[in-house]
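Before relying on a word such as "buried" or "paired", a careful reader may wish to ask what stands behind it. The questions and answers here take that approach.

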Amino acid sequence: MKYEITGDTLPVVICTLSNGEKMITERGSMAWMSPNMIMDTTTNGGLGKAFGRMFSGEALFQNTYTASGGDGLIAFASSFPGSIKAFDIMPGQEYIFQKKAFLASESGVNLSVHLHKKFSSGLFGGEGFILQKVSGNGIAFAEFDGSIVEYDLAPGQQIVIDSGYLAAMTATCRLDIQTVPGIKNMLFGGEGLFNTVITGPGHIWLQSMPISAVANALIPYFPSSSSN
């Protein structure tokens, strides 16, 4: 499989497949394709895996696209202004994505739910609780919100992130949800009640414009039901 990521604020990844090669996607992100791409919709691993993927923010079913009778072309588009990144997945090189980040991948890639170890802190910490784990073999594409900033963390090195800004991290990193210190800071600081703390070693990808932050920023501009 060969690919090209093109576009600025609304990117698309265009994949060229050899005869018999397959791509999978979780939701209707196929933008265009050659007529010899054959689609098949399945649970891809049974209902157990399907419900696990659904819990991590993806669809119950997966679409598999196969190039039939020759080389094929298929393009997957982002659903929100941002970035598409390619990740090379292999044993010992696994990644954790934010909820709903997975866009498409080669058929050898496995997508599963990744739950925070501390249930209570993860549950109340919002987006840090349910994540996606990507493993197996092949190239996976993820879509992130806004621009991407990357950091390498040394063993024990930490970074504090406002919940929602973590886009992805290598599976070697550790994630914790912590309350914002101080009652006054929690009530009047405007930064929410929780922060996400990432501890190295590993690599992290941060996104500059989480869709949740955009939604909150737009709320004051929508008319309330009481005004009707």
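What follows is a set of questions about a predicted model, each answered by setting a value against its criterion.

Q: What makes up the protein chain in terms of helices and strands, and how much of the chain counts as buried?
A: The protein chain holds 4 helices and 19 strands, and of its 228 residues 44% count as buried. The chain exposes about 11,800 Å², of which carbon and sulfur atoms supply 58%. Among contacts in the chain with a separation of 6 or more, 78% are between residues 24 or more positions apart.

Q: Why is strand β10 described as largely enclosed?
A: A residue is called buried when its relative accessible area is under 20%. In β10, residues 102–106, 5 of the 5 residues are buried, and the strand is therefore largely enclosed by the rest of the structure.

Q: How do you know that β10 is paired with strand β3 and with strand β13?
A: Two strands pair if at least two bridges are found between them. Strand β3, residues 22–25, shares 3 bridges with β10 in the antiparallel sense, and β10 likewise shares 3 antiparallel bridges with β13, residues 138–145, so the criterion of at least two is met in each case. Serine 105 illustrates this arrangement, since in β10 serine 105 is the bridge partner of isoleucine 24, while in β13 the bridge partner of serine 105 is alanine 140. A further bridge partner in β13 is alanine 142, which stands against phenylalanine 102.

Q: Why are β5 and β8 called edge strands of their sheet?
A: The sheet is an open one of 6 strands with antiparallel pairing, in the order β5-β6-β3-β10-β13-β8. β5 (37–42) and β8 (82–89) each have a single partner strand, so one side of each is left without a neighbour in the sheet. Neighbouring strands of this sheet are turned by 20° against each other on average, with direction ignored.

Q: Which strands form the edges of the open sheet of 3 strands, and what makes them edges?
A: This sheet has the order β15-β18-β17, with antiparallel pairing. Its edge strands are β15 (158–162) and β17 (174–179), each of which pairs on one side only. The average turn between neighbouring strands of this sheet is 30°, again with direction ignored. As for the pairing of β17 with strand β18, residues 194–199, the two run antiparallel and are joined by 6 bridges, and within that pairing leucine 175 stands opposite isoleucine 198 in β18.

Q: Why is histidine 203 called buried, and what does its side chain reach?
A: Histidine 203, which lies in strand β19, residues 202–207, has a relative accessible area of 16%, so it counts as buried under the 20% limit. Its side chain makes a polar contact of 2.6 Å with the side chain of glutamate 150, and it also reaches the backbone oxygen of tyrosine 151 at 3.4 Å; the limit for a polar contact is 3.5 Å. Not counting residues up to four places away in sequence, the residues that histidine 203 touches include Ala168, Met169 and Cys173.

Q: What makes glutamine 207 buried, and which polar contacts does its side chain have?
A: Glutamine 207 is also placed in strand β19, and its relative accessibility is 2%, so it falls under the 20% limit and counts as buried. A polar contact of 3.0 Å joins its side chain to that of glutamine 98, and a polar atom of the glutamine 207 side chain lies 2.7 Å from the backbone oxygen of glycine 164.

Q: Why is tryptophan 32 called partly exposed?
A: Tryptophan 32, in strand β4, residues 30–33, has a relative accessible area of 43%; since this lies between the limits of 20% and 50%, the residue is called partly exposed. Leaving aside neighbours within four places in sequence, tryptophan 32 is in contact with Val12, Ile14, Leu73, Ile74 and Ala75.

Q: How many disulfides are counted, and by what rule?
A: A disulfide is counted where a pair of cysteine sulfur atoms lies within 2.5 Å, and by this rule the count comes to 0. As for burial, cysteine 15 has a relative accessible area of 0% and cysteine 173 one of 8%, so cysteine 15 and cysteine 173 are buried.

Note on methods: Residues numbered from 1 in each chain as written. Predicted model: local features only at pLDDT ≥ 70, side-chain atom pairs only at ≥ 80, totals over all residues. Heavy atoms only, no water. Buried < 20%, exposed > 50% of the residue type's maximum accessible area, 1.4 Å probe, protein only. Axes fitted to C-alpha atoms, helices over the stretch in contact; angles between N-to-C directions. Contact = heavy atoms within 4.5 Å. Areas by Shrake-Rupley, 256 points an atom, 1.4 Å probe, with all protein chains shown as cover. Polar contact = N/O pair within 3.5 Å; in protein donor to acceptor, adjacent residues only side chain to side chain.
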